[in-house]
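Work through the exercises below with the sequence and the model open. Try each task before reading its solution.

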Amino acid sequence: MNHITEILDDTPFDGLTDTDLRTITAHTTSCGECADAFTAARLSSMLLRERISQAAADTANANPFFQTRVLAAWREQQTGGAWSFRRLWNATGAIVASMAATTAALGVLMFVAPATNTSDQQTAALVPYSAETVVLEQDRDDNQLTNDQIIGAIYDDDDEGK
Amino acid sequence: MAHRFFRNRSQAEEAAQETFLKAFAQLKSFAGRGSMEGWLTRIATNTCLNMLRSAKRRPEVIASDLSDDETEFLEGVSSSMGRETLDAEQQVVAVDLAERLLETLSPEDRLALTMIDGEGASVNEVAEVTGWSESKVKVRAFRARKKAREALQKLLGPTRP
């Protein structure tokens, strides 16, 4: 006995031909299982039709603002890069600007100030002091005591002790 | 088109929006080959398929999950073999049940069943929209039909001793 489930699964229920239906009717009178299968297939087809009818009704009652929504989404997608950069700048602009200023200041300190020091050292190296100059220059110091003053100070203390 | 795949209005709108955004972005690739409607339908189909793939699938529909209305509906409909028209309440229940059934199918099977059995599309039309071979469409539809039928058969239970 050939069951009819293959006919049911192979063809959409609404597409069954008269020949198919005659074969099915003849078979289901003597096969309970296939009769149940036929009922289920019919029900499945009906449920799908209802589902599609509902979808058609939903499409007919589409959201009137859908077009506006799509266009807004499109514009947002198109300007997404610029917007994100602007937002990023608004959020971090002050920090970025201060970091740039700090970097510039550090750059000045690193490259300009050391150059000044180096030139002083180079000048000092170009003017060497001889031992004689150092000895002779000592006397020019106003704060330095003369030899007589030192000797006087030493012996005055001894005299006072006596 | 998105409403065929998503009962939830916001999901359907999201799919439609995504479709249009993709279409705008790829407008140059269209280049007037074929119909604009066919091209958009193909983008929409792929978008809906991708969204369905990311959605959670229901493993199966079992009788204990059904509400009283759904059980009553199944009993009433299965006992009447004619092509009766449903009232508004029955329509709501039918759509709920259909959605439950569809959620148990893979996105590809669901698409094939919805388009061929629900909308009456031909195998060739589905193949064109999805980019699948015709034999793949037939296999998907066969598998989906069988799974839906068996699930409903299980829910209805044996009607004869």
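Three exercises follow, on a helix face, on cavities and on an aromatic pair.

The model is predicted, so local features need pLDDT of at least 70 and side-chain atom pairs pLDDT 80 or more, while totals for chains, interfaces and linings use all residues. Residues are numbered from 1 along each chain as written, chains are lettered from A in the order written, and side-chain values use heavy atoms, without hydrogens and water.

**Exercise 1. A helix face**

Find the buried residues of helix H2 (residues 18-28) of chain A, and explain why they line one face.

Solution.
1. Fix the terms. Buried means under 20% relative accessible area, exposed over 50%, and partly exposed in between (1.4 Å probe, protein chains only). Helices are DSSP runs (H or I, at least four residues), numbered from the N terminus.
2. List the buried residues: Asp20(A), Ile24(A), His27(A) and Thr28(A).
3. Look down the axis of H2(A). The buried residues fall within an arc of 90°, so they line one face of the helix. The arc is taken over the directions from the helix axis to the C-beta atoms.
4. Turn to the face away from the buried side. Exposed there are Asp18(A), Arg22(A) and Ala26(A).

**Exercise 2. Two cavities**

Describe the lining of each cavity of 30 Å³ or more.

Solution.
1. Define a cavity: on a 1 Å grid over the protein atoms alone, a set of points where a 1.4 Å probe fits but cannot get out; lining residues have an atom within 4 Å of a point. Points are joined across faces, edges and corners, and a volume is the space filled by probe spheres set on them.
2. Count: 2 cavities.
3. Take the largest, with a volume of about 80 Å³. Its lining includes Phe13(A), Ser44(A), Leu48(A) and Arg145(B). H3(A) gives the largest share, 4 residues.
4. Sort that lining: 5 nonpolar, 3 polar and 4 charged. Nonpolar covers Ala, Val, Leu, Ile, Met, Phe, Trp, Tyr, Cys and Pro; charged covers Asp, Glu, Lys and Arg; the others, Gly among them, are polar.
5. Take the second largest, about 40 Å³. Its lining has 7 nonpolar, 1 polar and no charged residues.

**Exercise 3. An aromatic pair**

Which geometry do Phe13(A) and Phe38(A) form: stacked, edge-to-face or tilted?

Solution.
1. Rings of Phe, Tyr and Trp (its six-membered ring) pair if their centres lie within 6.5 Å; planes under 30 degrees apart are stacked, over 60 edge-to-face, the rest tilted.
2. The structure holds 2 aromatic pairs over all chains. Phe13(A) and Phe38(A) form a tilted one, 5.4 Å centre to centre, with 45° between the planes.
3. Check burial. Phe13(A) is buried at 10% relative accessible area, and Phe38(A) is buried at 14%.

Conventions. Helix = DSSP H or I, 4+ residues; strand = E, 2+ residues; numbered from the N terminus. 1 Å grid on protein atoms, 1.4 Å probe; cavity = no way out; pocket = protein on both sides within 12 Å on 5 of 7 lines; lining within 4 Å.
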